Amino acid sequence: MTSVEQRQTLIVYDAQLCTGCRYCEVACAVWHCGRIDMRKARIRILFSEHDSAERFAAVNCQHCDDAVCEAVCPPEAIQKDEKTGWVMANSSKCIGCEMCVMACPLTVPFFDEELKVAVKCDFCFGEPECVKHCSSGALRIYTKDEALRINERLYLREKD
Amino acid sequence: MEVLEMSALVPMAELGIEIVDRPAEANVLVVTGGANLKSRLELENAYREIREPRVVIAVGSCAATMGIFKGGYAMMGPIDAIIPVNLYIMGCPPRPQVIINALADAFHLNSTDLDALLQTPEGFRGDPHVDHSKCMGCGACVHVCPADAIDLLDRASERVVRFTRQDCIYCASCADVCPSQAVALDYREKPWFRHREASRSEATLTLETCLVCGAPYAPRDQMRWALTKIDETLRMDEAVRAKLRRSVGVCTTCRRTSIAEVRRAKIILASLATQAHARRSAASGEPATPRPHEKGADAVEG
């Protein structure tokens, strides 16, 4: 196991704790572009009024090891940082082809109409604002190993 | 300026071209720049004064389409809105070599040495040559084109990528970004046209429909490109690959708004992470941590 493996932390979302206040989106938009514009948020919370079993869901970057967005990016603008483990989008290299938007199953990268490039979660360079401002503790930071276990428990236990 | 430069390149008199001072002495009117409030009258007068046969040549993007002045408060339109135009010469500005060749071509002049002049010198940008069959319709060029020469038109089930050479300023931004190398800048075509429509070329691409909502979503070629790239680059077992391929077929609006789709996506990403982790553990010699949910080791790595 490499040192990045041990050092890297990940955001894990627990739908059971989420209240849908969307404060994470606000914090993210403000931190990244200085104003409250939900379209600019790199994290998104979905909620439904009908389905009580799955009331909330979050679209948040998993900073994958084998990142799909990284694999398809034609100019190699999206790359996993070797030191930190974050999957970062370099906006000066991005050509705006929206390949990453299409490829990522979660559609974490999105096309910013203003900047004409794709933008995505950059982990706030270490201290994610969404986690800092999460009112209910639904977004938490775990080490990579813990996050892997939790995600397995949450998403892989019952095979669909 | 470009027109004057021509005389330094070739003996104009030998070709039968003479630059005169007054419109009344000329047959051909060469116009650079679009028509604005003030120049409109001059343009009309000049056209009235030149002798039969009256030939008007629009030189450069501004004359043909108003170029960067498009939308300016004083602009009256491209010059063909004011007077009839017989020949459009592309470029921003067109090279003198191109202008002289266009003239020679239009008037059937003796042009033995002229063709050589057209070749772009080594290390310089040439004229844009678009291979529409390579285009996958991603729209990257549309975002970077400063002259708005490329349009993306989504009709019912197809996307049209239309390139208007008249607007092109030869900046090569599209060639820089094109992920499928559909744009090349070199000398292959003659950058002049007798009709405005001739300067347009377009690629028509089929749009795939979303697997969930059925709305037209992304060009088939772009989707194929992405899937091929995923297959080439990423290792995963076939069950996950099938799920990932399916998710690419669902439109981004559905994927963004449906909780079920988000859950499916997270399952895909969690399986990818687990498999990558297992591979790394196997590679580093450590036994993969057995997970309670796995039914046998073959679920992790084939």
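**Figure 1. The two domains of chain A.** In this predicted model, the domain assignment splits chain A into domain 1, built from 1–60 + 121–154, and domain 2, covering 63–118. Measure between their centres over C-alpha atoms and you get 18 Å. Where the two domains meet, 7 residues of domain 1 of chain A are in contact with 10 residues of domain 2. The side contributed by domain 1 of chain A consists of 5 nonpolar, 1 polar and 1 charged residues.

**Figure 2. The overall fold of chain A.** Here you can trace 6 helices and 8 strands in chain A. Following the sequence, they come in the pattern α-β-α-β-β-α-β-β-α-β-β-α-β-α. The radius of gyration of chain A is 16 Å, close to the 15 Å that the globule rule gives for 160 residues, so chain A is as compact as a globular protein of that length. Its C-alpha atoms fit a box of roughly 40 × 40 × 30 Å along the principal axes. Of the 160 residues in chain A, 46% are buried. Among contacts in chain A with a separation of 6 or more, 53% link residues 24 or more positions apart.

**Figure 3. A backbone detail at A:Lys116.** Look for A:Lys116 in the loop between strand S6 (110–112) and strand S7 (117–119) of chain A. Its phi is near 60 degrees, a positive value in a residue other than glycine. A:Lys116 is partly exposed, because 15 other C-beta atoms lie within 10 Å, while a buried residue would need 20 or more.

**Figure 4. Where chain B touches chain A.** In this view, 38 residues of chain B are in contact with 35 residues of chain A. Helices H7 (140–144), H9 (220–233), H10 (238–248), H11 (252–257) and H12 (259–283) of chain B each supply at least two residues to the side that touches chain A. H12(B) gives the most, with 15 residues. By class, this side of chain B holds 21 nonpolar, 11 polar and 6 charged residues.

**Figure 5. Two cis peptide bonds in chain B.** One cis peptide bond joins B:Glu52 and B:Pro53, with omega about -15 degrees. B:Pro53 sits in the loop between helix H3 (39–49) and strand S3 (55–59) of chain B. Another cis bond runs from B:Cys92 to B:Pro93, with omega near -5 degrees. You will find B:Pro93 in the loop between strand S5 (87–89) and helix H5 (96–106) of chain B.

**Figure 6. A positive phi at B:Ala172.** B:Ala172 is not a glycine, although its phi is positive, at about 75 degrees. B:Ala172 belongs to the loop between strand S8 (158–164) and helix H8 (173–177) of chain B. With 16 C-beta neighbours inside 10 Å, B:Ala172 counts as partly exposed.

Terms used: Residues numbered from 1 in each chain as written. Chains lettered and ligands numbered in written order. Predicted model: local features only at pLDDT ≥ 70, side-chain atom pairs only at ≥ 80, totals over all residues. Helix = DSSP H or I, 4+ residues; strand = E, 2+ residues; numbered from the N terminus. Nonpolar A, V, L, I, M, F, W, Y, C, P; charged D, E, K, R; others polar. Domains from an automatic or database assignment. Rg over C-alpha atoms; globule rule 2.2 N^0.38 Å. Buried ≥ 20, exposed ≤ 12 C-beta atoms within 10 Å, placed from the backbone.
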